[in-house]
Amino acid sequence: VVVWLEIHNPFKMLIQDLLPGFKRYLLYEKNLTPRYVKAVFRSLRLLINQNVERSLSAFSTDVLADFLQRMCEERLWTNKTFRNYRQHLHTFFAYAVLKKHLKKNPVAAIAKPKLPARLPRCLTESQLQTLISQVHCYPWQTTLQHFRNVAIIYTFLFTGIRLSELLNLKVAHLNFEERTCFIERGKGKKDRYVPLHPKLMPVLRAYQRKRAEVLPPTEYLFTSSRSSKRLTEKNLYAIVEKLVKACGFKFTPHQLRHTFARVSIENGLGLFLLKEILGHSSVSTSEIYLSVATSRLSSSFAKLDMF
């Protein structure tokens, strides 16, 4: 009985004691990405380093709220950053409740600050044409780099896939006969199919032919121009940075996803189909693109017989 009390007594249980099991829980039971797990542990390390008392029971709602508010003031956190840290701590203390080390989650009573209703940033029609022109005209070091980088930008623009999804695309995922691309374990570890646009397929085929002339076969679609190693996030951002300087305006891969969604809505694609293509969990997430589909809005408004 004494041994059991020592193990399960929250007054003696330290946060560090739970971390190994918590990490395995996130990775193998919740099936979360290593990237997200690292973010959660960064938040926990900050919490531990900011508090002398490390016992689990010492972290009451007031203590945790004070920590979040203090960090917000000292580090000038945005509301979104505050919410992210709060969610990470909520996940950890929910685990402590699940394992019966606590009776209730102390983070649950901490209010979430409201986020500003921001519209997704998209490229304008003029910027879109400039980007397409620049990716074709840019003096890439090799011919293969030219074909690959054109294929990367076109894939972003004609599929709306996320950066991580593009980097993980495999040659076997492309089905030109059925005009589909298989997205394996996208956000939320969900699989889905994305249609291949007729303007994208010849670009991908041309890239694959050029790559086959220079390098041996590989599993991944987008690789280094010198080897079969998969293209990394750092490599991709280096490509984007060159195009940003050439175009004269800033953009990110995620803005290309937003642009795809806006153009799709403007050209009559339904919200439910857009939801499936983008891999959103709810159609309400896709509805925000209605607000940025200005071309369709202006056209519809012009047809109204107002007065």
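This is a short walk through one protein chain, from overall layout to cores, pockets and a few single residues.

Start with the status of the model. It is predicted, not experimental. The chain averages a pLDDT of 88. Of its residues, 92% score at least 70. The weak spot is residues 1–7, where the pLDDT is below 50. Beyond near neighbours in sequence, that stretch has three contacts in the model. Where pLDDT is low, predicted coordinates should not be read in detail. So I will leave that stretch alone.

Now the overall layout. The chain has 307 residues, and 42% of them count as buried. The secondary structure comes to 14 helices and three strands. Along the principal axes, the C-alpha atoms fill a box of roughly 70 × 65 × 35 Å. Take the contacts between residues at least 6 apart in sequence. Of those, 60% join residues at least 24 apart.

Next, the cores. In soluble globular proteins, nonpolar side chains tend to be buried together. Here, the largest nonpolar core has 55 residues. Which residues have the most contacts inside it? They are L131, L204, F222, L236 and F251. Several elements each supply at least two residues, among them α6 (125–137), α9 (201–214), α10 (233–247) and α11 (253–266). The strand β2 (180–183) is also on that list. Which helix gives the most to this core? It is α7, with nine residues.

There is a second core to keep in mind. Apart from the largest one lies another core, of 32 residues. M13, F41, F67 and L102 are among them.

Let me zoom in on F222, back in the 55-residue core. Leave aside its neighbours within four places in sequence. F222 is then in contact with R148, A151, I152 and T155, among others. Its partners also include L166, L169, L204, Y207, R230 and L231.

One place before it in the numbering sits L221. Where is L221? It is in the loop between α9 and α10. Is L221 buried or exposed? It counts as buried, because its relative accessibility is 2%. Residues up to four places away in sequence are not counted in what follows. L221 touches L169, K170, V171 and L174. It also touches L204, Y207, Q208 and R211. For a sense of scale, take L221 and K103. They are 118 residues apart in sequence and 49 Å apart in space, C-alpha to C-alpha.

One polar residue deserves a stop: N149. It is found in helix α7. It counts as buried, because its relative accessibility is 1%. What does it touch, not counting residues up to four places away in sequence? V135, W140 and I239.

On to the pockets. The largest has a volume of about 2400 Å³. It is lined by 49 residues. Which of them lie nearest its centre? R35, K80, R162, K187 and H254. The elements giving two or more residues to this lining are α3 (34–49), α5 (79–98), α8, α10 and α11. The largest share, seven residues, comes from α5. By class, the lining has 14 nonpolar, 21 polar and 14 charged residues.

The second largest pocket has a volume of about 510 Å³. Its lining has 18 residues, with L157, F158, H197, F260 and V263 nearest the centre. Here α6, α7, β3 (192–195) and α11 each supply at least two lining residues. Which element gives the largest share? It is α11, with four residues. By class, this lining divides into twelve nonpolar, five polar and one charged.

Last item: backbone angles. Most residues other than glycine have a negative phi. Two residues here go the other way. The phi of L76 is near 55°, a positive value. L76 is in the loop between α4 (61–75) and α5. It counts as exposed because its relative accessible area is 70%, and the cut-off is over 50%. The phi of K100 is near 65°, again positive. K100 is found in the loop between α5 and α6. With a relative accessible area of 67%, K100 is exposed too.

To recap the two main regions: a 55-residue nonpolar core to which α7 gives the most, and a largest pocket in which α5 has the largest share of the lining. That's it from me.

How values were computed. Residues are numbered from 1 along each chain as its sequence is written. This is a predicted model: local features need pLDDT of at least 70, side-chain atom pairs count only at pLDDT 80 or more; totals for chains, interfaces and linings use all residues. Side-chain values use heavy atoms; hydrogens and water are left out. A nonpolar core is a set of buried Ala, Val, Leu, Ile, Met, Phe, Trp, Tyr and Cys residues joined through side-chain atoms within 4.5 Å. Buried means under 20% relative accessible area, exposed over 50%, partly exposed in between (1.4 Å probe, protein chains only). Contact means heavy atoms within 4.5 Å. On a 1 Å grid over the protein atoms alone, a cavity is a set of points where a 1.4 Å probe fits but cannot get out, and a pocket is an open set with protein on both sides within 12 Å along at least five of seven lines; lining residues have an atom within 4 Å of a point. Grid points are joined across faces, edges and corners, and a volume is the space filled by probe spheres set on the points. Ala, Val, Leu, Ile, Met, Phe, Trp, Tyr, Cys and Pro count as nonpolar, Asp, Glu, Lys and Arg as charged, and the others, Gly among them, as polar. pLDDT is the predictor's confidence in each residue, from 0 to 100.
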